[in-house]
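Take a walk through a protein model with us. Keep the sequence at hand and turn the structure as you read.

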Amino acid sequence: MSHTTVERQAAEFGHVAHVPVHFDDLDAMGLLHNARYAVLLERALTPYWAERGVVFRGDVHAAPDVFHAVREFTITYQAPVTGVGTVAVHFWLEHFGTSSAQYAFEFRSVDGATVHATGTRSIVRLDPATLRPTAWTEVGRAIAATLLRPTPASA
């Protein structure tokens with residue numbers, strides 16, 4: 001099924017991106033290689049931010065919120081992705097602090113029926129000169145607000 005003809009799975013919060021799985025993403029058994037999940041998550045996150053004006057084009061000062069490092073990545077595999085095609089990557093922010101953030105994510109079948117994997121990805125925004133944590137910009141904060149999972153009190 002074509003990447004452009006697949007309907008987007010609706011999400012109550014966060015965002016769902018449909019990401020293609022290519023032949024070279026598979027292991028020798030024809031399953032999505034475990035290490036490729038992090039790459040596919042990146043391929044889901046990057047366009048979301050880029051479509052909102054936060055994109056790296058060679059100058060870290062032009063888009064300071066893209067200058068961050070992954071602090072922790074956790075994943076639990078539940079059902080293998082088999083073969084090439086498209087997976088739905090649902091991601092949202094569980095936390096967005098002064099200089100850090102924690103994404104949560106689910107890899108699902110396009111119809112949403114099968115959960116392939118779940119996990120978290122924690123990042124820290126860095127100052128390009130010192131490589132020390134630094135605050136997100138107001139632009140970054142505004143975009144992040146669109147991804148925050150509602151808390152029960154605010155839902």
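Start in the middle. The largest nonpolar core has 29 residues, and those touching the most other members are W49, V87, V89, F91, Y103 and F107. Several elements feed this core. β1 (15-21), α1, β3 (85-96), β4 (100-108), β5 and α2 each supply at least two of its residues. The biggest share comes from α1, which gives seven residues. Keep in mind that this is a predicted model.

Now pick out F107. Which residues does F107 touch, beyond those up to four places away in sequence? On one side of it in the sequence are Y37, L40, L41, V87, A88 and V89. The list also holds T114, V115, H116 and A117.

Rings come next. The structure holds eight aromatic pairs. One of them joins F13 and W92 edge-to-face, with 5.1 Å from centre to centre and 90° between the planes. F13 sits in the segment before β1, while W92 belongs to strand β3, so this pair ties together parts that are 79 residues apart in sequence. Is F13 buried or exposed? Its relative accessibility is 18%, so F13 counts as buried, the cut-off being under 20%. W92 has a relative accessibility of 6%, so W92 counts as buried too.

A second pair brings back F107. F105 and F107 also meet edge-to-face, at 5.8 Å centre to centre and with 90° between the planes. Both of these residues are buried. The ring pairs reach further still. They link Y37, F73, Y77, F105 and F107 into a cluster.

Next, look for empty space. Rolling a probe the size of a water molecule over the atoms shows where such space is left. The largest pocket holds about 240 Å³. Its lining has 16 residues, and the closest to the pocket's centre are L45, T46, W49, V66 and H68. You have met W49 already, among the core residues that touch the most other members. Two elements give two or more residues to the lining: α1 (36-50) and β5 (115-125). Which of the elements gives the most to this lining? It is α1, with five residues. What kinds of residue line the pocket? Eleven are nonpolar, two are polar and three are charged.

Stay with β5 for a moment. T118 lies in this strand. Its relative accessible area is 22%, so T118 is partly exposed: buried would need a value under 20%. Leave aside neighbours within four places in sequence, and T118 is in contact with T74, I75, T76, Q78, F105 and E106. F105 is a member of the ring cluster described above. For a sense of scale, compare positions along the chain with positions in space. T118 and V84 are 34 residues apart along the chain, and their C-alpha atoms are separated by 20 Å.

Now visit the loops. Begin with the one between β3 and β4, where T98 is found. S99 is in this loop as well. Are these residues buried or exposed? S99 has a relative accessibility of 19%, so S99 counts as buried. T98 has a relative accessible area of 54%, so T98 is exposed.

What do these two loop residues touch, leaving out residues up to four places away in sequence? S99 is in contact with I123, V124, R125, P133, T134, A135 and W136. T98 touches T134, A135, W136 and R141. T98 and T134 are 36 residues apart in sequence, yet 7.6 Å apart in space, C-alpha to C-alpha.

Move on to the loop between β4 and β5, which is the place of D111. With a relative accessible area of 63%, D111 is over the 50% cut-off and therefore exposed. Along the chain, D111 and V19 are 92 residues apart. In space, their C-alpha atoms are separated by 13 Å.

Finish at L131, in the loop between β5 and α2 (138-145). What is the phi of L131? It is positive, about 60°, although L131 is not a glycine. L131 has a relative accessibility of 52%, so L131 counts as exposed.

How values were computed. Residues numbered from 1 in each chain as written. Predicted model: local features only at pLDDT ≥ 70, side-chain atom pairs only at ≥ 80, totals over all residues. Heavy atoms only, no water. 1 Å grid on protein atoms, 1.4 Å probe; cavity = no way out; pocket = protein on both sides within 12 Å on 5 of 7 lines; lining within 4 Å. Points joined across faces, edges and corners; volume = space filled by probe spheres on them. Helix = DSSP H or I, 4+ residues; strand = E, 2+ residues; numbered from the N terminus. Nonpolar A, V, L, I, M, F, W, Y, C, P; charged D, E, K, R; others polar. Buried < 20%, exposed > 50% of the residue type's maximum accessible area, 1.4 Å probe, protein only. Core = buried A, V, L, I, M, F, W, Y, C linked by side-chain atoms within 4.5 Å. Contact = heavy atoms within 4.5 Å. Phe/Tyr/Trp six-rings, centres within 6.5 Å; stacked < 30°, edge-to-face > 60°.
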